Amino acid sequence: MKKKLKKIGKISAIVFVAIILLMIVTPILFKGKILELVKIEANKSLNAKIEFDDVSLSLFRGFPALNVKISKLNLVGIDDFENDTLIKFNYLSANLNLKSVVFGDQIKINSIILDQPDIYVKVLKNGDANYDIVKEDSTSTDEPDVEEEDEDSSFAIALKKLKINDANIIYDDQESDLLAEIENLNFKLKGDLTEKLTSLDLLLVIDSLSIKAEGVQYINRANLSFDSEIEANMDSSIYTFKENLFKINEIELGFDGFVAMPDTTDINMDITFSAKKTEFKSVLSMIPAVYQKDFDGVETSGVFAFSGFAKGTLNDTSIPAFGVDLSVKNAWFQYPDLPQAVTDINIDIHIENPGNEDINIIDITKFHLAMAKNPVDFKLYMKTSANDVFLRGNINAALNLNTVEQFYPLEDMTLSGSFATNLNFKGNLSAIENEEYDKFDASGNLKITDMKTKMEDLPPITINNLDLEFSPQLANLKQFDAQIGKSDVQLNGTIDNIFQYVFSDNAIKANFNFNSKLFDANDFLAYNESEDTEEISSTPEDSEEGEISAFEIPENIDLTLNSNIEKAIYEKLEITEVIGLITLKNSTLSLDNLSMNLLKGSMNLSLSYNAQNYKNPFAELTFAMQNIDLVESYNSIVSIQKLSPIIKNCSGKISSSFHIDTYLDYNLNPVYNTMNGSGSIGSDNIAISDNKLFGILATLTQMDKYKNPALENINLQFEIENGNIEILPTEFMLAKSKASVEGVSNLNKTIDFQLGLTVPSNTATNLIDGLPFLNLPNEIEILAIIGGTIDNPKIDKFSSNVFEGTKKELSEAAKKYIAEAQARADKLIADAKAKKAKLVKNAQNKVNQITSAAKREADKLLADAKTQGDALIAKAKNPVAKEVARRAADKLYTEAKKQSDKKISEGNKKIKGLVTDASKEGDKKIRDAERESDNIVRDAETKAENM
């Protein structure tokens, strides 16, 4: 008996050790197979880069299953998404059926745990998405291959458990202008998916959900959970809701019904839902501003009902019918420690779709509340179809703004004044689009009086009067008189397409006149945009707080602003008589021919800021300055500091013109290696003091006049290519002597300039080795070769091409012979230049004749159109008729302008090339004369040499 027990013990020990060895050896034996399959499945047909630290295998972690753990995976996009990480996670753990790993063709997955995944889904404006990473099959044909589509994967799901821990998800859809962020998502699914009939336990918890669409924050940091038991028929793919609770903030919903997926294209459903809680406070929890301010202490009363359904089939061609009903009855709420309440809240909203994505009905039969006894009423009925939108509604509100702080905690904000609006509308949007204004009824106004507000992030604002009048054609801003900080603002004008903008997302068109006696931009710059941790931010990480940053311009705004500002202040710059046109269109801000007085002179400015890609905007700048004070301009205008550092520590008056285009970074600084353009800087007299370069020049030449010299008659021309600046050869007077300059400055601030000087001959011989001592004129021209950097220039050397080596002394006869030959040569060239001038003058006269005739015809067309337009406007008897007449007049003028432009264009075609051809013919005569003169002088020098 003892021997048998001993034998059994030995066998048991051997079996136990064998099992332990098997558990240790199996992962080692099959790790290669698992790793190979994971990589094959992961990289098969992917347009992305996938990396992971390791794939570990263990029988201990999931015995009797084999546990596979993928650690630190990163899936990164390529091409347009090269820097975007689609997904990364701490680890993914899966328990695999051991038998399927050892003996099967497919590996069965029993459970999956995904830990700390970060998912970033991005869709560009052109519709390209970073999740679209599956490569196209170049061998595929238009006809689907059923066998290929049904090809078995190396993995099969026999899932009993799925768990996701602490996921963070961002969905950035630029095509739809939708941004969503999920923080700390936890998900757990339990159930045996291998059974034909099974019960699935599902738990979803999200700590923070934010959704922003088309600039509107619909959900802001809401918490969400879904706890459900679902009965699943795995054979027919029917999932029936049993016990369940969906919760978002304080709203709780229950679901009944089922979802069925009979095939890969259709999703059938019959679902109803309704609110579990009916306290009105649950509704308030969905309003971010209310939810964030002492929500737990808000006193409320009233009930609400919320229910809906979805029934039908969802696929590529159809949607299920759905409806939603929301009602609030006799509700009120009041913040703690505030004397007044928002009362008499009664709301009835019905939303319906019959199963056609083109047909939607929104019916708000009642929306009424009283804010500290200030009533607000709103009704809306909107029905959309494939071809039109029908609207019916009205808004009535009257609010004493002094009472707002009595029912809502304003905190760091004060508010006073009055606000009142009434608006009635009825009709089809197509009537407005077709300018059939008599078929659309719209009337009302919006008035704000003596409104004053002060808040932390803005200068104090006072709206003395705002009067906006609505009609079917347009909204007429009759008056807007406001004070923003120290700035006064007066606006008037019209807004077109306001109903189409609100209800159909069409572009809104506005034309305003803007006037101000003082506009102080420093009031706005002083209030830095505060960090709002409650908003989803897409600001680049390297943007510093307080910096001016790139800004978006909505595509659907078409704004024209005729500005007239008597005085504007920006930092230390004072600008007067600012007159010009400012437009917003196609996400582009344009300043067209804006004139102003500044820096003791005048400026004409045109600017284009293209924000279609606002994180990498493009700017184009053209301006001309006249008699600008040099010291003030250098200290105030960054572009002059970058482009013309030579004028630092200069005084005098300059005139300048620039044309520059460049991309900008997120902080609106030029990206210099993308900058291109040209320009000039001119002045009659510039005084230079304490300049490092001229201090070096004075020391090397031992000429004190260069220490603080004056520049006279300068007209500096420059060109910019990819941020590199080339100063073209320019002559001027330096310290009362002839001088010249040319050279280049690069992006790294290195310079390579040649400064031409006229110096006494003894100074030149001291600076340049090899110059002859005999027969030198009193003054000769030399070149100072300047290198180093803009901040630290240096003179590398001096040179001269006036004399090279010792020259033989010419006899008086030889000098005279050469002089006579030179005179004959000069006469040949002078005669040729005179002939060129005559040819060009004759051509120019012909050009002037053709241009004048074309302009006379064009001016007559425009004058006739203006006369007809003025007559139409004069006949109109009321503001609406006058506006219609004004548009007809504008149309007449536009057509006349097209005809006048055509006349001028035809004239331009006739004159094209006349002056150029004449100039070319003259240049040929000059070149011929120069060749002949060179031969004359060369022959004379040869004979003189022999003499």
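**Exercise 1. Describe the salt bridge formed by Glu469 and say how accessible its two partners are.**

Solution. The side chain of Glu469 meets that of Lys478 in a salt bridge, with an N to O distance of 3.9 Å. This distance comes from a predicted model, and it satisfies the criterion because a salt bridge requires the side-chain nitrogen to lie within 4 Å of the carboxyl oxygen. The next step is to look at accessibility: Glu469 has a relative accessible area of 37% and is therefore partly exposed, and Lys478, with 44%, is likewise partly exposed.

**Exercise 2. Determine where the partners Glu712 and Lys736 lie in the chain, and whether each is buried or exposed.**

Solution. Begin with the pair itself, in which the closest N and O atoms of Glu712 and Lys736 are 3.4 Å apart, forming a salt bridge. The bridge links distant parts of the chain, since Glu712 belongs to strand β34 (residues 710-721), while Lys736 sits in the loop between β35 (724-734) and β36 (737-745), 24 residues apart. Turning to accessibility, Glu712 has a value of 17% and counts as buried, because buried means under 20% relative accessible area. Lys736, by contrast, reaches 64% and counts as exposed, the cut-off for exposed being over 50%. Lys736 deserves one further step, for its backbone has a positive phi of about 70° although the residue is not a glycine. Most residues other than glycine have a negative phi.

**Exercise 3. Place the salt bridge between Lys277 and Glu252 in the chain, and find which network includes these residues.**

Solution. The side chains of Lys277 and Glu252 meet at 3.8 Å, N to O, in a salt bridge. This pair also links distant parts of the chain: Glu252 is in strand β12 (residues 251-260), whereas Lys277 is in the loop between β13 (267-275) and α4 (281-284), 25 residues apart. Glu252 is buried at 14% relative accessibility, while Lys277 is partly exposed at 28%. Finally, through salt bridges that share partners, Glu250, Glu252 and Lys277 are joined into one network. A search of the whole structure finds 10 salt bridges.

**Exercise 4. Identify the residues that gather in the patch of negative charge on the surface, and locate Glu175.**

Solution. The patch of negative charge is made by Asp79, Asp80, Glu82, Asp128, Asp132 and Glu175, which gather on the surface. Of these residues, Glu175 can be placed in the loop between β7 (155-173) and β8 (178-190).

**Exercise 5. For the strand residues Asp752, Asp558 and Ile219, work out the accessibility and the contacts beyond four places in sequence.**

Solution. Asp752 is found in strand β37 (residues 751-760), and its relative accessible area of 43% makes it partly exposed. Beyond its sequence neighbours up to four places away, Asp752 touches Glu742, Gly743, Val744 and Ile786. The C-alpha atoms of Asp752 and Ile785 are 7.4 Å apart in space, although these residues are 33 residues apart in sequence.

Asp558, in strand β27 (residues 557-570), has a relative accessibility of 18% and counts as buried. With residues up to four places away in sequence left out, Asp558 touches Ile508, Lys509, Ala510, Leu584 and Lys585.

Ile219 lies in strand β10 (residues 216-233) and is buried, with a relative accessible area of 16%. Apart from neighbours within four places in sequence, Ile219 is in contact with Leu209, Ser210, Ile211, Ile248 and Met286. Its C-alpha atom is separated by 7.0 Å from that of Leu209, 10 residues away along the chain.

**Exercise 6. State the sign of phi at Asp690 and describe the setting of this residue.**

Solution. Phi of Asp690 is near 50°, a positive value in a residue other than glycine. Asp690 is located in the loop between β33 (676-688) and α12 (692-701), and with 66% relative accessibility it counts as exposed.

**Exercise 7. Summarise the chain as a whole in terms of its elements, burial, contacts and surface.**

Solution. The chain holds 16 helices and 39 strands, and buried residues make up 38% of its 947 residues. Among contacts between residues at least 6 apart in sequence, 53% join residues at least 24 apart. The accessible surface comes to about 54,200 Å², and 52% of that area belongs to carbon and sulfur atoms.

How values were computed. Residues numbered from 1 in each chain as written. Predicted model: local features only at pLDDT ≥ 70, side-chain atom pairs only at ≥ 80, totals over all residues. Heavy atoms only, no water. Patch = residues over 30% accessible without salt bridge, like charges linked within 9 Å, V, L, I, M, F, W, Y side chains within 5 Å. Areas by Shrake-Rupley, 256 points an atom, 1.4 Å probe, with all protein chains shown as cover. Lys, Arg positive; Asp, Glu negative; His and termini not counted. Charge placed at Lys NZ, Arg CZ, Asp CG, Glu CD. Helix = DSSP H or I, 4+ residues; strand = E, 2+ residues; numbered from the N terminus. Buried < 20%, exposed > 50% of the residue type's maximum accessible area, 1.4 Å probe, protein only. Contact = heavy atoms within 4.5 Å.
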